[in-house]
Amino acid sequence: LLKEIAAVGQRLPSDHRVSAVHWGGGSPNILSPDDIERLTDALRQQFTVDPAAEFAIEIDPRDFTADQAKALRRGGFSRASIGVQDINAKVQEAIGRRQSFDETKRAIELCRAAGIGSINVDLMYGLPQQTEESVAAISSTTASTADT
């Protein structure tokens, strides 16, 4: 990644300004806190990053740590998208993505504690074992727990 950042940076005009950075398409939180800081430092050294640039990341809540959350904030991340997909145990089993409500809540709390102010939850539809009723249950569950 560091080599790719340098290669791209060398090809852009010197006056090119970065207004948004998004880490996703997998689980970028497999990176250690040191890796997060090295990558964000490299981005800022290689590119002219607008001071108001949004840094966003997709997070798998199952393995997310407080140290990662702190490293993200130090790196300038202001937005986190928490990957949930579905809260129904049958759907989670069918897609091979088991995670508890508590794991998801903990990831959100870690982001908030680190000062990441914009947090959303990624939900998907059209997954195996989903029904109209199970998707409707997500809405009622998330609405009743939004303040927790």
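Buried means under 20% relative accessible area, exposed means over 50%, and partly exposed is what lies in between (1.4 Å probe, protein chains only). This is a predicted model, where local features need pLDDT of at least 70 and side-chain atom pairs count only at pLDDT 80 or more, while totals for chains, interfaces and linings use all residues. Residues are numbered from 1 along each chain as its sequence is written, and side-chain values use heavy atoms, with hydrogens and water left out.

**Exercise 1. Get your bearings**

Task: Work out how many helices and strands the chain has, and in what order the elements run.

Solution. Start with the rule: helices (H or I, at least four residues) and strands (E, at least two) are DSSP runs, numbered from the N terminus. On that basis you get six helices and four strands. Reading from the N terminus, the order is α-β-α-β-α-β-α-α-β-α. Along the principal axes, the C-alpha atoms fill a box of roughly 55 × 30 × 25 Å. Of the 148 residues in the chain, 34% are buried.

**Exercise 2. Follow the rings**

Task: Find the aromatic pairs and say which residues they link into a cluster.

Solution. Rings of Phe, Tyr and Trp (its six-membered ring) pair if their centres lie within 6.5 Å; planes under 30 degrees apart are stacked, over 60 edge-to-face, and the rest tilted. That gives two aromatic pairs. Take Trp23 and Phe77: the ring centres are 4.8 Å apart and the planes sit at 70°, so this pair is edge-to-face. Trp23 belongs to strand β1 (residues 17-23) and Phe77 to strand β3 (residues 77-85), so the pair ties together parts 54 residues apart in sequence. Trp23 counts as buried because its relative accessibility is 12%, and Phe77 is buried at 0%.

Now go to Phe55 and Phe77, also an edge-to-face pair, with 5.4 Å from centre to centre and 80° between the planes. This one links distant parts of the chain too, with Phe55 in strand β2 and Phe77 in strand β3, 22 residues apart. Put the ring pairs together and Trp23, Phe55 and Phe77 form a cluster.

**Exercise 3. Two sides of a helix**

Task: Check the span of helix α5, then decide where its buried residues sit around the axis.

Solution. The expected span of a helix is 1.5 Å times one less than its number of residues. For the 14 residues of α5 (residues 101-114) that should come to 20 Å, and the end C-alpha atoms are indeed 20 Å apart. Next, pick out the buried residues: Thr104, Ala107, Ile108, Leu110, Cys111 and Ala114. They cover an arc of only 155° around the axis (taken from the directions from the helix axis to the C-beta atoms), so they lie on the same side of α5. The background is that an α-helix has 3.6 residues a turn, so residues three or four places apart point the same way. Asp102 and Ala113, on the other side of α5, are exposed. The cover over the buried residues includes β2, α3, β3 and β4 (118-123). After α5 comes Gly115, with a positive phi near 90°.

**Exercise 4. Into the core**

Task: Say which residues have the most contacts inside the largest nonpolar core, and what Ile82 is in contact with.

Solution. A nonpolar core is a set of buried Ala, Val, Leu, Ile, Met, Phe, Trp, Tyr and Cys residues joined through side-chain atoms within 4.5 Å. The largest has 29 residues, and Trp23, Ile59, Phe64, Leu72 and Ile82 have the most contacts inside it. Two or more residues each come from β1, α2 (33-46), β2, α3, β3 and α5. For Ile82, leave out neighbours within four places in sequence and count contacts (heavy atoms within 4.5 Å): the partners include Ile59, Pro61, Thr104, Ala107, Ile108 and Cys111.

**Exercise 5. A buried acid**

Task: Place Asp60 in the chain and find its side-chain polar contact.

Solution. Asp60 lies in the loop between β2 (48-59) and α3 (66-74). It counts as buried because its relative accessibility is 6%. A polar contact is a pair of N or O atoms within 3.5 Å; within protein, one must be able to donate a hydrogen and the other to accept it, and residues adjacent in sequence count only if both atoms are side-chain atoms. The side chains of Asp60 and Arg97 make one at 3.4 Å. Not counting residues up to four places away in sequence, Asp60 touches Ser27, Asn29, Arg97 and Gln99.
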